[in-house]
Amino acid sequence: MGDGVCKMFLVGFCPASLLKKVEHVEPCRLLHSIALREELEKHPQADKHRRDYEDALLRKLEGLCAEADARASREKRKCRPAETVVKLPEHLKIKAQAYEEARNERVAEAEAKGRAGDIEGSKMAMRSAEQAQRDIDGIRGAHTSEFPGESVCKACGVRFLNGSAPVRNNERMKDKEGEIWEEDHMASKGHKGYVQLRQKLAEMRQARREAQERPRAPSAAKDRREAETRSRSRRREKEKGGEKK
């Protein structure tokens with residue numbers, strides 16, 4: 001087969017063609033031809049070429065999977081855990097602090113009036129304290145978000161946000177730049193391509209192991225040599241028998 005032909009495609013598939021959407025994988029610019037795949041089967045040295053091309057495919061798959069494993073190891077160290085994030089503008093921090101001070105004062109006032117026997121005054125002070133707490137909760141709630149945490153894909157080593165993108169008013173909220181959600185990643189062509197690569201790699205390794213464990217059948221040439229050796233031995237035995245007579 002010529003130099004412009006993708007040999008890996010002839011014995012299975014081209015890994016680069018499965019990972020077209022993956023930035024760090026160099027695209028394959030060689031010819032992918034089903035007709036040439038059929039021609040290979042008819043070639044007088046088909047077995048030799050197939051072994052050579054399969055070796056190249058195996059090395060390519062091992063290289064891509066090793067790169068993905070190394071990437072996964074790096075990305076795992078960057079993963080953020082799930083957490084509640086509160087981001088208050090400076091002016092709201094000051095306002096929330098004022099409500100907190102007012103709440104503490106009203107609680108202290110309610111306790112003091114309660115000890116003095118002013119039950120009604122104590123209740124009024126406690127209601128004021130509860131209102132101050134609601135004001136604090138309202139400010140914090142409007143500026144609180146739940147970070148879902150991050151994980152790394154075992155197949156391709158990509159770090160993503162756990163779960164799916166949040167929806168508000170039946171509309172998906174806009175993703176931030178560089179943000180990838182687990183649901184979107186698992187449905188991507190890049191992820192599915194890596195899954196297929198690993199499945200093919202596992203199949204090829206299994207086939208190699210089985211071939212190595214399978215007892216080799218004696219070759220025709222070896223059979224002929226052994227038959228000739230036996231024939232010569234028999235002739236010598238007959239000659240020796242003739243001499244004795």
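Helices here are DSSP runs of H or I at least four residues long, and they are numbered from the N terminus. With that convention in hand, select H24 in this predicted model, and you will find H24 in the loop between α2 (15-18) and α3. Is H24 buried, exposed or partly exposed? Buried requires under 20% relative accessible area and exposed requires over 50%, so H24, at 43% relative accessibility, counts as partly exposed. Now show the contacts of H24: leaving aside its neighbours within four places in sequence, H24 is in contact with R71 and Y194.

**The whole chain**

Zoom out before going further. The protein has nine helices and six strands, and buried residues make up 25% of its 245 residues. If you colour the surface by atom type, keep in mind that the accessible surface comes to about 17,700 Å², of which 49% belongs to carbon and sulfur atoms. Among contacts between residues at least 6 apart in sequence, 66% join residues at least 24 apart.

**The nonpolar cores**

In soluble globular proteins, nonpolar side chains tend to be buried together. Select next L10, L19, V25, L57, L61, Y194 and L197, which are the residues with the most contacts inside the largest nonpolar core, a set of 29 residues. Y194 has already appeared on this tour, as a contact of H24. Which elements give two or more residues to this core? They are α1 (7-10), α3 (34-42), α4 (46-76) and α8, and the largest share, seven residues, comes from α4.

Centre the view on L57, one of the residues with the most contacts inside this core. Not counting residues up to four places away in sequence, L57 touches M8, V11, F13, P15, K200 and M204. A second, separate core has five residues, and you can locate it by selecting V85, L161, A165 and W181, which are among them.

**Around F160**

W181 leads to the next stop, since F160 is in contact with W181. Select F160, which is found in strand β4 (residues 159-161), and which counts as buried because its relative accessibility is 3%. What does F160 touch, not counting residues up to four places away in sequence? On one stretch of the chain the contacts are G149, E150, S151, V152 and C153, and on another they are I180, W181, E182, H185 and M186. A distance label from F160 to E179 should read 7.3 Å, C-alpha to C-alpha, although these residues are 19 apart in sequence.

**The second largest pocket**

I180, a contact of F160, also takes you to a pocket. Rolling a probe the size of a water molecule over the atoms shows where empty space is left. The second largest pocket has a volume of about 350 Å³, and of the 14 residues that line it, the closest to its centre are K21, V22, E23, V158 and I180. Colour the lining by class, and you should see five nonpolar, five polar and four charged residues. Then highlight α7 (182-186) and α8 (189-213), each of which supplies at least two residues of the lining; α8 gives the most, with three residues.

**A last stop on α5**

Finally, select A108, whose place is in helix α5 (residues 90-116). A108 counts as partly exposed, because its relative accessibility is 42%. Draw a line from the C-alpha of A108 to that of S122, and the label should give 9.5 Å for two residues that are 14 apart in sequence.

Conventions. Residues are numbered from 1 along each chain as its sequence is written. This is a predicted model: local features need pLDDT of at least 70, side-chain atom pairs count only at pLDDT 80 or more; totals for chains, interfaces and linings use all residues. Side-chain values use heavy atoms; hydrogens and water are left out. On a 1 Å grid over the protein atoms alone, a cavity is a set of points where a 1.4 Å probe fits but cannot get out, and a pocket is an open set with protein on both sides within 12 Å along at least five of seven lines; lining residues have an atom within 4 Å of a point. Grid points are joined across faces, edges and corners, and a volume is the space filled by probe spheres set on the points. Ala, Val, Leu, Ile, Met, Phe, Trp, Tyr, Cys and Pro count as nonpolar, Asp, Glu, Lys and Arg as charged, and the others, Gly among them, as polar. Buried means under 20% relative accessible area, exposed over 50%, partly exposed in between (1.4 Å probe, protein chains only). Contact means heavy atoms within 4.5 Å. Accessible areas come from the Shrake-Rupley method with a 1.4 Å probe; for residues, only the protein chains shown count as cover. A nonpolar core is a set of buried Ala, Val, Leu, Ile, Met, Phe, Trp, Tyr and Cys residues joined through side-chain atoms within 4.5 Å.
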